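Reader: Please take a close look at one part of this model, the disulfide, and then set it within the protein as a whole.

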Amino acid sequence: VQLQASGGGLVQPGGSLRLSCAASGAIFSINRMGWSRQAPGKQRELVAAVTVGGSANYADSVKGRFTIFRDNAKNTVYLQMNSLKAEDTAVYYCNADVVVSWGAPPAHYWGQGTLVTVSS
């Protein structure tokens with residue numbers, strides 16, 4: 001199973017970016033999908049997560065600005081980031097709880113990071 005993230009880049013404060021993360025490989029189903037981030041010198045933190053049914057939760061720091069959603073048919077999760085701030089600068093990592101076959105327990109996978117830089 002691989003998670004391929006894309007969409008990072010340089011954006012000015014107040015701007016928007018959309019991150020995408022597509023899961024591929026031996027996938028039976030995917031439970032929770034999410035995004036975490038790690039800023040320089042800081043620990044990795046959860047940004048947002050979404051269940052297969054679409055229920056989402058967010059870190060307090062991004063509520064009202066970020067939206068997580070998924071396309072189950074494409075095994076893809078997105079993170080729409082609006083009103084970006086300098087403190088949102090970080091490497092963003094997608095993750096997913098993947099079931100690879102009927103009856104198997106979910107396993108947690110991480111994608112490679114994608115850098116988001118918010119700067120004027």
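Author:
**The disulfide and its setting**

The link of Cys 21 and Cys 94 is right-handed, with 50° about the S-S bond. A disulfide is taken here as a pair of cysteine sulfur atoms within 2.5 Å, and in this pair, Cys 21 and Cys 94, the S to S distance is 2.0 Å. Cys 21 lies in strand β3 (residues 17-24) and Cys 94 in strand β9 (residues 90-99), so the disulfide ties together parts that are 73 residues apart in sequence. By the rule just given, the count comes to 1 disulfide.

The model is predicted, so local features need pLDDT of at least 70 and side-chain atom pairs count only at pLDDT 80 or more, while totals for chains, interfaces and linings use all residues. Residues are numbered from 1 along each chain as its sequence is written, and side-chain values use heavy atoms, with hydrogens and water left out.

Cys 21 counts as buried at 1% relative accessibility, and Cys 94 counts as buried at 0%, where buried means under 20% relative accessible area, exposed over 50% and partly exposed in between (1.4 Å probe, protein chains only). Buried residues make up 39% of the 120 residues in the protein.

As for the fold around this link, the protein has 0 helices and 11 strands, which are DSSP runs numbered from the N terminus (helices H or I, at least four residues; strands E, at least two). Of the contacts with a separation of 6 or more, 55% are between residues 24 or more positions apart, a contact meaning heavy atoms within 4.5 Å.
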